[in-house]
Amino acid sequence: MKSIERVQTGLRIEKRLLKVLKGLAEHLEMPVAELVEGIALHAFEGKAPFGETTLEKIAQLKAVYDLDLTAEDSHRLTEADPQ
């Protein structure tokens, strides 16, 4: 195992996306931060971070939390005006 140093960050993220990430992290029995680290490290190497079973779970969680965003939306998001 490699020794690392983690830092606290003020990451802002879309509300439903965070719910799906939290649900997936709970399903995988890991902290959300470690899930995000794993996703990023896989993406940096051009590798898919999830297998078929996990993708099925993600689809279920997306349906539960009404997450309809896709990778194509990632550079087209704007914040809603606060109410």
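**Exercise 1. Find where Ala25 sits, and decide whether it is buried or exposed.**

Step 1: Look up the element. Ala25 belongs to helix 1, which runs over residues 15-28. Helices here are DSSP runs of H or I with at least four residues, strands are runs of E with at least two, and both are numbered from the N terminus.

A quick word on what you're looking at: this is a predicted model, where local features need pLDDT of at least 70, side-chain atom pairs count only at pLDDT 80 or more, and totals for chains, interfaces and linings use all residues. Residues are numbered from 1 along each chain as its sequence is written, and side-chain values use heavy atoms, with hydrogens and water left out.

Step 2: Check the accessibility. Buried means under 20% relative accessible area, exposed means over 50%, and partly exposed is in between (1.4 Å probe, protein chains only). Ala25 has a relative accessible area of 1%, so Ala25 is buried.

Step 3: List the company. Skip the neighbours within four places in sequence, and Ala25 is in contact (heavy atoms within 4.5 Å) with Met30, Pro31, Val32 and Leu35. From C-alpha to C-alpha, Ala25 and Val36 are 9.2 Å apart, with their positions eleven residues apart in sequence.

**Exercise 2. Work out whether the length of helix 1 fits the number of its residues.**

Step 1: Get the expected span, which is 1.5 Å times one less than the number of residues. With 14 residues, helix 1 should span 20 Å.

Step 2: Compare. The end C-alpha atoms of helix 1 are 20 Å apart, which agrees.

**Exercise 3. Which residues of helix 1 are buried, and what do they pack against?**

Step 1: Pick out the buried ones: Val20, Leu21, Gly23, Leu24 and Ala25.

Step 2: See what they face. The buried residues of helix 1 pack against helix 2 (32-44) and helix 3.

Step 3: Zoom in on Leu21. Its relative accessibility is 12%, so Leu21 counts as buried. Beyond four places in sequence, Leu21 is in contact with Ile13, Val32, Leu35, Val36 and Ile39. Leu21 and Leu61 are 40 residues apart along the chain, yet their C-alpha atoms are separated by 8.7 Å.

Step 4: Do likewise for Val20. Not counting residues up to four places away, Val20 touches Ile58, Leu61, Lys62, Tyr65 and Leu67.

**Exercise 4. Name the residues of the largest nonpolar core and say which element gives the largest share.**

Step 1: Know the rule. A nonpolar core is a set of buried Ala, Val, Leu, Ile, Met, Phe, Trp, Tyr and Cys residues joined through side-chain atoms within 4.5 Å.

Step 2: Read off the members. The largest core has eight: Val20, Leu21, Leu24, Ala25, Leu35, Ile58, Leu61 and Leu67. Helix 1 and helix 3 (52-64) are the elements that give two or more residues to this core, and helix 1 has the largest share, with four.

Step 3: Put it in context. In soluble globular proteins, nonpolar side chains tend to be buried together.

**Exercise 5. Which parts of the chain do the salt bridges Glu37–Arg6 and Arg16–Asp68 link?**

Step 1: Count the bridges. A salt bridge is a side-chain nitrogen of Lys or Arg within 4 Å of a carboxyl oxygen of Asp or Glu, and the whole structure has seven.

Step 2: Take the first pair. Glu37 and Arg6 meet at 2.7 Å, N to O. Glu37 lies in helix 2 and Arg6 in the segment before helix 1, so this pair ties together parts 31 residues apart in sequence. Glu37 is partly exposed at 29%, and Arg6 is partly exposed at 49%.

Step 3: Take the second pair. Arg16 and Asp68 meet at 3.1 Å, N to O. Here Arg16 is in helix 1 and Asp68 in the segment after helix 3, 52 residues apart. Arg16 is partly exposed at 24%, while Asp68 is exposed at 55%.

**Exercise 6. Describe the whole chain: how many helices and strands are there, and what share of the residues is buried?**

Step 1: Count the elements. The chain has three helices and zero strands, in the order α-α-α.

Step 2: Find the buried share. Of the 83 residues, 12% count as buried.

Step 3: Add the dimensions. The C-alpha atoms fill a box of roughly 45 × 30 × 25 Å, taken along the principal axes.
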